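Let's go through how the chains of this model fit together, and what backs each label.

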There are 4 protein chains.
Amino acid sequence: VEGSAPPVRESVDFARIVAFTDGVFAIAITLLVLSLEVPPGLAGHALNNYLEDSWPQLFAYFLSFAVIGRFWITHHRAFGMLHDFDRRLLALNLLYLSLIVLIPFASELLGDYGDVTAAVVVYATVVGSAALLSSLMLRHTLGQGHVHADSRESAREISAGLLRAAIVFYVSIPIAFISPLAGQLTWLLLLADALPGWFRRARQTA
Amino acid sequence: VEGSAPPVRESVDFARIVAFTDGVFAIAITLLVLSLEVPPGLAGHALNNYLEDSWPQLFAYFLSFAVIGRFWITHHRAFGMLHDFDRRLLALNLLYLSLIVLIPFASELLGDYGDVTAAVVVYATVVGSAALLSSLMLRHTLGQGHVHADSRESAREISAGLLRAAIVFYVSIPIAFISPLAGQLTWLLLLADALPGWFRRARQTA
Amino acid sequence: VEGSAPPVRESVDFARIVAFTDGVFAIAITLLVLSLEVPPGLAGHALNNYLEDSWPQLFAYFLSFAVIGRFWITHHRAFGMLHDFDRRLLALNLLYLSLIVLIPFASELLGDYGDVTAAVVVYATVVGSAALLSSLMLRHTLGQGHVHADSRESAREISAGLLRAAIVFYVSIPIAFISPLAGQLTWLLLLADALPGWFRRARQTA
Amino acid sequence: VEGSAPPVRESVDFARIVAFTDGVFAIAITLLVLSLEVPPGLAGHALNNYLEDSWPQLFAYFLSFAVIGRFWITHHRAFGMLHDFDRRLLALNLLYLSLIVLIPFASELLGDYGDVTAAVVVYATVVGSAALLSSLMLRHTLGQGHVHADSRESAREISAGLLRAAIVFYVSIPIAFISPLAGQLTWLLLLADALPGWFRRARQTA
């Protein structure tokens, strides 16, 4: 199967694609701070109230920081397994980045309107689609034979984990129509996905 | 002809110019998200309406993401063909970047005022000029003999493709004076430019 | 002790983590400029008054530039001492970065509301927690045996310095409840921490 | 003289300082686009008027793009000449960057209030001080013997050119008190500084 799609290495080298992707991740994660606004001209007492009411914004900030950080780590693990690259993956990677870059917007929306169905739906759609797309990217590269032989098992595991994450976010969408809060609580299922790994590692360390 | 303009390698090394250019591309593409704004203090129902009316902004976001992404890929292919660099190219590259950095502004304008001639004209002028300038940069390096011998044919093709893109965007300007929508539809001609390559590659892959 | 936590090098390589971290630092430090706003539509005289009243914002800008710059230098010195890396450090590093990225927000708050207790408390909490976390990161790597043998003494010194900085910022919090200005003046104690090193180096240079 | 200040290479390596500096330059130059704002809710006719009145903002944008781009090229030429680095240069470099990062603010001020003395004064102060500081940085490294022997002549020339630029910007400050426009026209003297080099190179190329 290898080489059935024309490799793109000659035209755009791999290291630069990764560096560009890293740059976009770093900027998107840092732009999250812009969702926290400093209100103009408040009295001291009013500022206290404003900051005390900022927990939803702060929650959205840390949630999205963890989400983008997690995507970045996964992206790196996945791209470290490739020994080749084709044009389709380059296009899929750009489409994937266009969803990552939307996260600061979706995050600000969630922070300001966490009790409104539409905000939860937008957040779950953006993050779920980014997870789905990265899962498909891995499957594409596996299908093309671009993954190192000794990493194929790990690549399949990562791809399956991303698919599970996408399903959790997509499932939260109909739930958010019943209750926006319940929709967000659905996302906690992802911790259940991560916990076995944590326990296994904790046992190894002990 | 080679070396007739003083090479700049000694003063500013090539890898850093490329890294700086990549950084500017990565930041400009990520700043596109700032064109999507979260309105303050809406009721749930009003937020739904606001989001439903956001399709033009979202269209402009994805269009500009594709445009900047495409410019970045082309820039990389072109710069990968060079074995030398002179001061004029360094200056042209900065001028080119000053147009790329304008795209987030032009994109926000197009998203908010896609039905107004002036917005379409600004967008077409910025993107068309960036395409024209990058075509001229390639021609300059070809003329100076800075392109690897075995890449000259590809460089000429890329330069011609960029020129065609510039012409499409410039031609859309008078059309936008008749109808802003027709001006934007003109840009679809660029897909016709890309389609033959897609079909050829699809046949190769099949 | 070495290797007791599974090394992460295979999955995410060290150089990229550092590059990503550098990118986040560079973006966060540059976003500080966004706290300085240009007011719309003032008359010449009113603009003069506005700029003359901008000293607190400018003070917060330079203070935070120095703070982030200092964290960056320290981070680099610390990471240059590591010969290994584990998943816990990767997670701690992301958590640490999520505090660094909050500094532009805390800085804008301090610039606009330096005379309000809450603004000083937020700033001291963010910066103090970033210092504490980086101190803990160094202790963790020391405990895991990931620090080069000949750098352990320096790593302990840096970790202790970061802990002292964290204490100074945390101590300023109760003081800010009495007087916001006194809380900020407490931070000057950090200069006392830096001065011996300056004098020693000045002597060396003389 | 060499090594009289403790070299910092061991603690923070040179390549990372340069990469961090490049990142800050790339972000600062891209943030210039944020000074161009899209007004909300205008009618088509009002948008035309708004855009037609935007020439001062566009002038400030391109001027500042050229200024930051020029500083970046000069910084690179200068740092390419160094074979060593000390803590004082690291601190000076951070201070220098804190002025570069102010340029987007000064640029927006100049674009919006180019006819007000205060805006011209702020711009000239920021840019002039950045030029002065980079000239001092080069002199410091020359004095410490950190410049490659065969680059000392070039380093002295660059340092003198930066000093001349600083003088032009500082001289424009009192002139701006008489006429803001005359203050800005003073900056054209810098072209006179660049022209001999252009003519020499044009002759070489012909």
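Q: How many salt bridges are there between chain B and chain A, and how do you know?
A: Zero. A salt bridge needs a side-chain nitrogen of Lys or Arg within 4 Å of a carboxyl oxygen of Asp or Glu, and the count between chain B and chain A is zero. Bear in mind that this is a predicted model, where local features need pLDDT of at least 70, side-chain atom pairs count only at pLDDT 80 or more, and totals for chains, interfaces and linings use all residues. Side-chain values use heavy atoms, without hydrogens and water.

Q: What makes residues of chain B and chain A count as in contact, and how many do?
A: Contact means heavy atoms within 4.5 Å. On that rule, 32 residues of chain B touch 31 residues of chain A.

Q: How is the area buried between chain B and chain A made up?
A: Buried area is the accessible area (1.4 Å probe) that two parts lose on being put together, summed over both. Here that comes to about 2,900 Å², with carbon and sulfur atoms giving 78%. On the chain B side, Thr30(B), Val38(B) and Trp72(B) lose the most area to chain A, together 21% of what that side buries.

Q: Why is the relation of chain D to chain C that of a four-fold axis?
A: A rotation of 90 degrees with 0.0 Å of shift along its axis puts chain D on chain C, at RMSD 0.0 Å, by least squares on the C-alpha atoms of residues with pLDDT of at least 70 in both. That is the four-fold relation.

Q: Why do the copies meet through different surfaces?
A: Because only 10% of the interface residues of chain D are also interface residues in chain C.

Notes. Residues are numbered from 1 along each chain as its sequence is written. Chains are lettered from A and ligands numbered from 1 in the order in which they are written.
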